[in-house]
Amino acid sequence: MKKFKRHLITSALPYANGPIHIGHLAGVYIPSDIYTRYLRLRGEDVISICGSDEHGVPITLKARKEGITPQEVVDRYHSLNKKAFEDFGIAFDIYSRTSNKIHYETASEFFKTLYDKGEFIEKTSSQYYDEEAGCFLADRYITGGCPYCGNENAYGDQCEKCGTSLNATDLINPKSAISGSAPVLKDTLHWYLPLDKYEGWLKKWILEEHTEWKPNVYGQCKSWLDQGLQPRAVSRDLDWGVPVPLEGAKGKVLYVWFDAPIGYISATKELTNDWEKYWKDPETSMIHFIGKDNIVFHCIIFPSMLKAEGTYILPQNVPANEFLNLEGDKISTSRNWAVWLHEYLEEFPGKQDSLRYALCASAPETKDNDFTWKEFQARNNNELVAILGNFINRTLVLTDKYFNSHVPTPGKLTDYDTSTLNSIATLKQSVENNIETFRFRQALAEAMNLARLGNKYLADTEPWKVIRNDEERVKTILYVSLQITASLAIILEPFIPFSMDKLKGWLNIDSLRWDEAGNSQLLAPGHKVSSGELMFSKIEDDVIEKQIQKLLDTKKANQASLAPVLSQKEDVSFDEFSMMDIRTATILEAEKVARTTKLMKLKVDTGIDVRTIVSGIAEHFTVEELPGRKVSVIVNLAPRTIKGIESKGMILLAEDATGHMTFIVSEDDIKNGSPVR
Ligand SMILES: [Zn+2]
């Protein structure tokens, strides 16, 4: 690793329109946290920057849908996510937000510098405008017919039915999502960053000078560069975002892809007055941790912006991960298909490290990977509990039992003792090499190998048997085991910090530096330790089954909402409709019809009379919950005899695609017998 004076770590700014889920954690925040904690243990000058990305169309859409302001949307998710990161031990030095004043100033200034240097091109283009609402329409605000598959509700940027990406002008009969009116094309002026101008430089910088970048990152950059780059608009017509700081640019804001990465700079400014040395001194190593969907922004666009500005350094590396799936399906915020961090923290109190461990151990570093609750359980029970926890516990308990929790004085070391002690340093070196090349999965596996080594050493040397006739030998065995334990406390700290803090407490050592790991005399003879408690506990089957059931419920709800709506029946005349006599009514009594599963015999007060109605609702409602329920009844449906019972009329219910049934009732408590028309 080239020696740098300081380190600037950035983690992709989470978009403030939803909570953090395990995909975010495995892809970005756990790797960045491991790397940051590692550098801190080394005593390096390092700052870790993150914050909420709070601009862009999806936030305005969500606000409109919920009838609140965009600021209210971002306030909600900013505080939720900030707290979840803290509680999960993600050690940012600052978690800022792009709606802060300092960010508006920084982003405006950045734009202005590029504008004054003549780095933008100005271009007028035709875009859809909603005359009723008086605003230009972002692609997501326009719906219409897909020219490829005929889907009536394609968006201005994509048809979600056939997956084709579209231009808003491709849509048949476009419609504004704001007013519902047909939009008109209108000219609008925007500023573009001519990325084509940076193509040659980017090719040299990435393809020749950064061949060490991860293959998935390098490959994606190469494919973008091979296709050729186009100028990209840095502004758009919207009322939510950083206003374009120019005369006559009213109603235009910085495009979110331009403003968001500048958020890293504003957050650093907010953190320290000394921010420039982190951003402008070539002795700083800047690393961007991101997911694969952000590669083009962090490897091509943001570096071009920094290059155009001229005074900033460029990233040393952009270790992007691939995607994590959940139980075989793509994680999706809109489909609620995720394990949400804030919910995990509530449902698994004190088990941050179990999730940190499982997500790192199966992180999608080179290809997409799958998270399953069963694997999570196995990682916790078979690795954290059975390997790591077991070794530490046995070492501390035996030390307590035989030597009153004092580190014993070793006797003469056997070859096996020496080779075991030497392995600590070898494994530590391997963890280090893997972390520095962003192979965190492998780094964790090597660190766990140290715990495996410890378990094997205890199993081979059997101190609990040897103690009967050779206490001196047991002193040496536990001395060696304790040295392994102390090194574990250091090299596992970046991965599972909560547990290693506990361990340091039990070992009675406050802080250790990374370089001390591998030292075979970390704990001096006579040093007092404590017997500790169990470091990890097993996760039982019923806990895991509850989580799996939660996902199954989500799947069912999604199926219901995605099921196609039944097509309309043939027209009826008004006269035909008005022949139907529908009234409000109240159920008085209910009993199941014998020898049937679906039928319920109901006594109903229709306002006209009290009558018997047989209804197929016995699988949806209990006998106890029905009396008193308000319903609507077709009272003039010709009587029918069902299972020997005369049924006079029909109760109205709505039923969704999963078979869920609900009564059609009036919102107010209206008198029985009132007509429904
Ligand atoms: Zn389509």
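Before I begin, a word on terms: helices and strands here are DSSP runs, at least four residues for a helix and at least two for a strand, numbered from the N terminus. With that in place, the chain, which is a predicted model, comes to 19 helices and 26 strands.

Let me start with the overall picture. The C-alpha trace spans about 105 × 75 × 40 Å along its principal axes, and of the 677 residues in the chain, 52% count as buried. If we take the contacts between residues at least 6 apart in sequence, 74% of them join residues at least 24 apart. The accessible surface comes to about 31500 Å², with 49% of that area belonging to carbon and sulfur atoms. As for charge, the chain carries 79 positive and 94 negative charges, and the mean positions of the two sets are 3 Å apart.

Turning now to the second largest pocket, about 530 Å³ of space lies within it. Its lining counts 21 residues, of which Glu-212, Asn-317, Glu-436, Thr-437 and Phe-438 are the closest to the centre. Strand E13 (284–289), helix H13 (415–436) and helix H14 (440–461) each supply at least two residues of that lining.

Finally, the backbone. Most residues other than glycine have a negative phi. Which value does phi take at Asn-173? It is near 50 degrees, and therefore positive. Asn-173 lies in strand E8 (residues 172–176), and with a relative accessible area of 66% the residue is exposed. Arg-595, also not a glycine, has a positive phi of about 60 degrees; Arg-595 sits in the loop between strand E17 (582–592) and strand E18 (600–605), and counts as exposed at 83% relative accessibility.

Technical notes. Residues are numbered from 1 along each chain as its sequence is written. This is a predicted model: local features need pLDDT of at least 70, side-chain atom pairs count only at pLDDT 80 or more; totals for chains, interfaces and linings use all residues. Side-chain values use heavy atoms; hydrogens and water are left out. Buried means under 20% relative accessible area, exposed over 50%, partly exposed in between (1.4 Å probe, protein chains only). Contact means heavy atoms within 4.5 Å. Accessible areas come from the Shrake-Rupley method with a 1.4 Å probe; for residues, only the protein chains shown count as cover. Lys and Arg count as positive and Asp and Glu as negative; His and the chain ends are not counted. The place of a charge is taken as NZ of Lys, CZ of Arg, CG of Asp or CD of Glu. On a 1 Å grid over the protein atoms alone, a cavity is a set of points where a 1.4 Å probe fits but cannot get out, and a pocket is an open set with protein on both sides within 12 Å along at least five of seven lines; lining residues have an atom within 4 Å of a point. Grid points are joined across faces, edges and corners, and a volume is the space filled by probe spheres set on the points.
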